[in-house]
Amino acid sequence: MRTVEQTGARQSTLRSSNLALVLRTVCAADGPLSRADVAVRTGTTRATAARLVDELVAGGLLDEGEPVALPRRGRPATPLLPGARIGALGLQVDAGLLAARVLDLRGRVVAERVEEADLVGSEPAGTLARLGALATALLDGPAGGLRLAGAGLALPGLVDAGVLLRAPNLGWSDVPAVDLLALHLPGGLCPALGNEADLAARTVAEAAPGRPGPLRDFLYVSGQIGIGGAAVLDGRVVTGSAGWAGEVGHVCVDPEGPACRCGSTGCLEQYAGRHALLAAAGLPLDTPPAEVAARAGDADVRRALDAAARALGVALAGVVNVLDLPAVVLGGHLAALAEPLRPRLEELLGRRVLSARWRRPVVEAVSGPPAAGATGAALRALGDVLADPVRRLA
């Protein structure tokens, strides 16, 4: 015999699932949907869809636009949009920058601050305090009108349960990053910690919260001072059993190569990392990637680019062979260098990838604002809203 508690729990679970389905349906759409459209796409009755939509609108998770006339007889339809008053905070520390960015549920950047800085060997507590001050300024200022649904922190290294285990390019190890940062965030905000490349890859897999991007299966290569990476299958980042997958920058391309900060030798980032490439080209370490691309005809620059492309081809072909990925996406400084790198890189992938005879991997470049990890951190927090909207309706 069913108890009242069991029946109530089942109804509560059904309500939660249906609200999440409706919210995801509206967020995934390429354009505004009506209540009738939601009913059709979710397979619910119009009355049920309307009731669920009304609850999400009342909670601020959906917005109503101005009614538009229908091509047929009947009342004008009211377009539905993801809520513009719900947002999330994305934060990032990298060897060359600090970033704070707030996105709303439509995927728009509401406010951001990015500061260039040399953070190699910096003191973690002080650096995270500085990042907290950036975030507080955003939340007290241009993003102050939003209801914050969560926050995330992107760091370039191995992370586990709020702790940065190791970030060779920062020189940080065993840093309780979340606890240190939370001391400087308002309202008891506690960010979820993630790997920078994993979170940056999410910005390619998602065009906006809940809306798929054009690529669903790819290898993302994050070019900063070092090299990060993430494999994405069916729009989801492959994190591995402990969340440490994707360390493409430390794939060995030459065992006899130069020493790496990670303790190994001949790692990919010793050839294709920004500082390594600039040093090989004989250019100052603050040279912008666009200037490097413009000087691709210079002999020293050409040799450095060829060495980087060869190292990328060797390392990435191995990953593609193991995971059967159809595309490689270059981010960070590698995106800006895509044109001079692409011919040699594509030639090597075509020669070294076993399946290239039937499906040659394509090389794409993704351009955008710096600190893609911060954007990905905010997207992940907003993804939690789509997965469980009931928590934001209470």
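Reader: How many helices and strands does the protein chain have?
Author: This is a predicted model, in which local features need pLDDT of at least 70 and side-chain atom pairs count only at pLDDT 80 or more, while totals for chains, interfaces and linings use all residues. Residues are numbered from 1 along each chain as its sequence is written, and side-chain values use heavy atoms, with hydrogens and water left out. With helices (H or I, at least four residues) and strands (E, at least two) taken as DSSP runs numbered from the N terminus, the protein chain has 14 helices and 17 strands.

Reader: What radius of gyration does the protein chain have, and why does it agree with a compact globule?
Author: The radius is taken over C-alpha atoms, and the globule rule is 2.2 Å times the number of residues to the power 0.38. For 394 residues a compact globule would come near 21 Å, which agrees with the value for the protein chain, 23 Å.

Reader: What share of the residues of the protein chain count as buried?
Author: Buried means under 20% relative accessible area, with a 1.4 Å probe and protein chains only. Of the 394 residues in the protein chain, the share that counts as buried is 48%.

Reader: Which residues of H10 does H8 meet?
Author: Contact here means heavy atoms within 4.5 Å. From helix H8 (residues 274-281) to helix H10 (residues 299-323), the contact is made by Leu-277, Ala-280 and Ala-281 on the H8 side, and the residues met in H10 are Asp-300, Val-301, Ala-304, Leu-305 and Ala-308.

How values were computed: Axes are lines fitted to C-alpha atoms, for helices over the stretch in contact, and angles run from 0 to 180 degrees between N-to-C directions. Buried means under 20% relative accessible area, exposed over 50%, partly exposed in between (1.4 Å probe, protein chains only).
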